[in-house]
Amino acid sequence: MGCREVHAATVLAFLSGTASVAGLLAAVLLPNWRQMRLCTFNRNERNLTVFTGLWIKCARFDGSRDCVIYDPQWYRAVDQLDLRVLQFALPLSMATAAAALLLCLVGMCHTAFVSSVPNVKLARCLVNSAGCHLVAGLLFLLACAICLTPSVWVIFYNSYLNRKYEPIFSFDISVFIAIASAGGLFFTSVLLFLWYCACKSLPSPFWQPFYSHPPSMHSYNPQPYSARSRLSAMEIDIPVVTHTS
């Protein structure tokens with residue numbers, strides 16, 4: 001794997017993360033989290049379906065695309081706990097994923113445009129591309145957990161509402177979009193972790209999350225003296241014998 005260059009895995013991870021954030025944005029804005037279908041037995045009336053989103057509510061008759069009831073202030077009066085949690089969880093997940101995308105982009109730019117040899121004077125302050133991708137992978141994983149948990153909870157909460165009232169509630173397409181986006185975030189984090197693990201075998205000053213100390217800053221550990229070297233360092237008096245005639 002060409003770890004000293006921008007690799008296809010990191011580019012694919014960036015594209016996958018971008019698509020996942022776009023999917024989260026669509027799920028947040030679409031008024032299709034829950035449907036409530038009201039049926040009538042009067043032949044002169046039409047059935048009514050109430051589409052509930054995180055921010056707005058729309059009621060439509062069957063066969064019509066116009067909202068007979070449109071409530072743009074629904075986000076203030078949400079009375080369903082799962083949707084209220086999603087109002088906070090999905091924007092937080094989007095912000096976390098956006099920060100991960102920024103870190104991933106910084107890591108790719110660092111790989112493409114920065115010299116592979118770090119500046120000795122700044123080595124203690126720099127974060128290399130491996131560190132950027134590793135932190136980005138952790139943030140993508142966190143964003144996946146924040147998004148996936150309340151989105152799955154909507155499915156179970158629908159069953160609770162149907163048991164409590166009548167079987168008129170059903171989850172809509174936004175639930176599937178949010179779960180698919182969470183899967184994309186998880187796939188992105190796995191790609192970045194695989195890239196980091198594959199590049200971990202390279203020299204540590206370049207592919208650790210933080211640069212290690214420069215070689216000049218490492219302490220010198222002297223080798224232990226051998227018995228021969230200790231004897232050579234001792235002062236030995238050798239008597240000198242002279243012969244007289």
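Helices and strands here are DSSP runs, with at least four residues for a helix and at least two for a strand, numbered from the N terminus.

**Figure 1. The whole chain, element by element.** Let's start with an overview of this predicted model. The protein chain holds six helices and five strands. Walking along from the N terminus, you meet them in the order α-β-β-β-β-α-α-β-α-α-α. Of the 245 residues of the chain, 35% count as buried.

**Figure 2. Helix H3 against helix H4.** Two packed helices are described by the angle between their axes and the distance between the axes. Here the view takes in H3, residues 129-164, and H4, residues 173-199. Their axes come within 8 Å and cross at roughly 155°. Angles over 145 degrees count as roughly antiparallel, so that is how H3 lies relative to H4. The crossing of H3 past H4 is left-handed. Look at which residues make up this contact: 23 are nonpolar and six are polar, with no charged ones.

**Figure 3. Helix H1 against helix H4.** H4 also packs with H1, at an angle of about 160° and with the two axes 8 Å apart. H1 and H4 are therefore roughly antiparallel to each other. As H1 passes H4, the crossing is left-handed.

**Figure 4. The salt bridge between Asp 82 and Arg 34.** Side chains of opposite charge can pair when their charged atoms come close. How many salt bridges does a search of the whole structure find? The answer is one, and this close-up shows it: the side chains of Asp 82 and Arg 34 meet with an N to O distance of 2.4 Å. The pair links distant parts of the chain, with the two positions 48 residues apart in numbering. Asp 82 belongs to helix H2 (residues 81-113), while Arg 34 belongs to strand E1 (residues 34-38). Are these two side chains' residues buried or exposed? Buried means under 20% relative accessible area. Asp 82, at 0% relative accessibility, therefore counts as buried, and so does Arg 34, at 1%.

**Figure 5. The largest nonpolar core.** Finally, this view gathers the 29 residues of the largest nonpolar core. Which residues have the most contacts inside it? They are Trp 33, Leu 86, Leu 90, Phe 140 and Leu 185. Helices H1 (8-29), H2, H3 and H4 each supply at least two residues of the core. H2 gives the most, with eight residues. This is the helix that also carries Asp 82 of the salt bridge in Figure 4.

Terms used: Residues are numbered from 1 along each chain as its sequence is written. This is a predicted model: local features need pLDDT of at least 70, side-chain atom pairs count only at pLDDT 80 or more; totals for chains, interfaces and linings use all residues. Side-chain values use heavy atoms; hydrogens and water are left out. Axes are lines fitted to C-alpha atoms, for helices over the stretch in contact, and angles run from 0 to 180 degrees between N-to-C directions. Angles under 35 degrees count as roughly parallel, over 145 as roughly antiparallel, 65 to 115 as roughly perpendicular and the rest as oblique. A crossing is left-handed if the near helix is turned anticlockwise from the far one by less than a right angle, and right-handed if clockwise. Ala, Val, Leu, Ile, Met, Phe, Trp, Tyr, Cys and Pro count as nonpolar, Asp, Glu, Lys and Arg as charged, and the others, Gly among them, as polar. A salt bridge is a side-chain nitrogen of Lys or Arg within 4 Å of a carboxyl oxygen of Asp or Glu. Buried means under 20% relative accessible area, exposed over 50%, partly exposed in between (1.4 Å probe, protein chains only). A nonpolar core is a set of buried Ala, Val, Leu, Ile, Met, Phe, Trp, Tyr and Cys residues joined through side-chain atoms within 4.5 Å.
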